[in-house]
Amino acid sequence: VEHATSLYREGYLDDQFTQLLKLQDESNPDFVVEVVSLFFKDSEKLLNNLATALEQESIDYKQVDAHVHQFKGSSSSIGAQRVKNVCVVFRNYCDEKNLDGCLVCLEQARNEYILVRNKLEALFNNSDFLVQECKILSGLIS
């Protein structure tokens, strides 16, 4: 539980992750892992799409913003708070058509994504967490 609560305390996760934990039960014991795995898959694709879009000679900032908006939404849906916060700033740079700001935010978004992915993978690799502690954690955090 200590590792999990530190993810909240350090701002990696917010209450949305707690809501996901509450949806997991005996009938769907892998729910959280499945949702987070989809987030990982989508995030990799979105980060690659963003990098490609920002490398173009003529940048379509509406397309970049659409990718960032999608990344922000998927981050929000699992409670990846720090990734979501970078996306908010990223979208402002898209509005300003600020390439340097967008490139900095892309790097920050990638770094925050890798951090939260590594933290969640470590959490999920602890089978005791998924079997028993989800209920304890959701009770402690909520």
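This text walks through a predicted model, from its overall fold to its helices, its core and its cysteines.

Start with the overall layout. The protein has seven helices and zero strands. Along the sequence the pattern reads α-α-α-α-α-α-α. Of the 142 residues, 42% count as buried. Sequence-distant contacts feature too: among contacts between residues at least 6 apart in sequence, 68% join residues at least 24 apart.

Confidence comes next. The average pLDDT is 89, and 88% of the residues score at least 70. Helix 5 has the highest confidence, at 98. Helix 7, residues 127–141, has the lowest, at a mean of 51. Where pLDDT is low, the predicted coordinates should not be read in detail.

Now take helix 3, residues 31–55. Its 25 residues should span 36 Å at 1.5 Å a residue, and its end C-alpha atoms are 36 Å apart, so expectation and model agree. The buried residues of helix 3 include Phe31, Val36, Phe39, Phe40, Leu46, Leu47, Leu50 and Leu54. Ser43 is also on that buried list, as are Ala51 and Ala53. What covers these buried residues includes helix 2 (15–23), helix 4 (61–78), helix 5 (81–96) and helix 6 (99–125).

Helix 5 can be read in the same manner. Its 16 residues should span 22 Å at 1.5 Å a residue; the end C-alpha atoms are 23 Å apart, which agrees. Its buried residues are Val83, Val86, Cys87, Phe90 and Cys94. They cover an arc of only 105 degrees around the axis, so they lie on the same side of helix 5. On the other side, Asp95 and Glu96 are exposed. The buried residues pack against helix 3, helix 4 and helix 6. Just after helix 5, Lys97 takes a positive phi of about 55 degrees.

These helices meet in the largest nonpolar core, which holds 40 residues. Phe17, Val64, Phe71, Phe90 and Leu120 touch the most other members. The elements that give two or more residues to this core are helix 1 (2–9), helix 2, helix 3, helix 4, helix 5 and helix 6. Helix 3 supplies the largest share, eleven residues.

Val64 shows how the core is knitted together in sequence terms. Leaving aside its neighbours within four places in sequence, Val64 is in contact with Leu50, Ala53, Leu54, Ile59, Phe90 and Cys94. Of these partners, Leu50, Ala53 and Leu54 are buried residues of helix 3, while Phe90 and Cys94 are buried residues of helix 5.

Asp65 is in helix 4. Is Asp65 buried or exposed? Asp65 is buried, with a relative accessible area of 15%, because the cut-off for buried is under 20%. Setting aside neighbours within four places in sequence, Asp65 contacts Arg91 and Cys94.

That leaves the cysteines. A disulfide is a covalent bond between the sulfur atoms of two cysteines. How many disulfides does the count give? The count comes to zero disulfides. The cut-off is a pair of sulfur atoms within 2.5 Å. The sulfur of Cys94 is 4.0 Å from the closest cysteine sulfur, in Cys102, and therefore too far for a bond. For Cys87 the closest cysteine sulfur is in Cys105, at 8.6 Å, which is also too far for a bond. Cys87 is buried at a relative accessible area of 0%, and Cys94 counts as buried at 3%.

Key
Residues numbered from 1 in each chain as written. Predicted model: local features only at pLDDT ≥ 70, side-chain atom pairs only at ≥ 80, totals over all residues. Heavy atoms only, no water. Buried < 20%, exposed > 50% of the residue type's maximum accessible area, 1.4 Å probe, protein only. Helix = DSSP H or I, 4+ residues; strand = E, 2+ residues; numbered from the N terminus. Expected span 1.5 Å × (residues − 1). Contact = heavy atoms within 4.5 Å. Arc of directions from axis to C-beta. pLDDT = per-residue confidence, 0-100. Core = buried A, V, L, I, M, F, W, Y, C linked by side-chain atoms within 4.5 Å.
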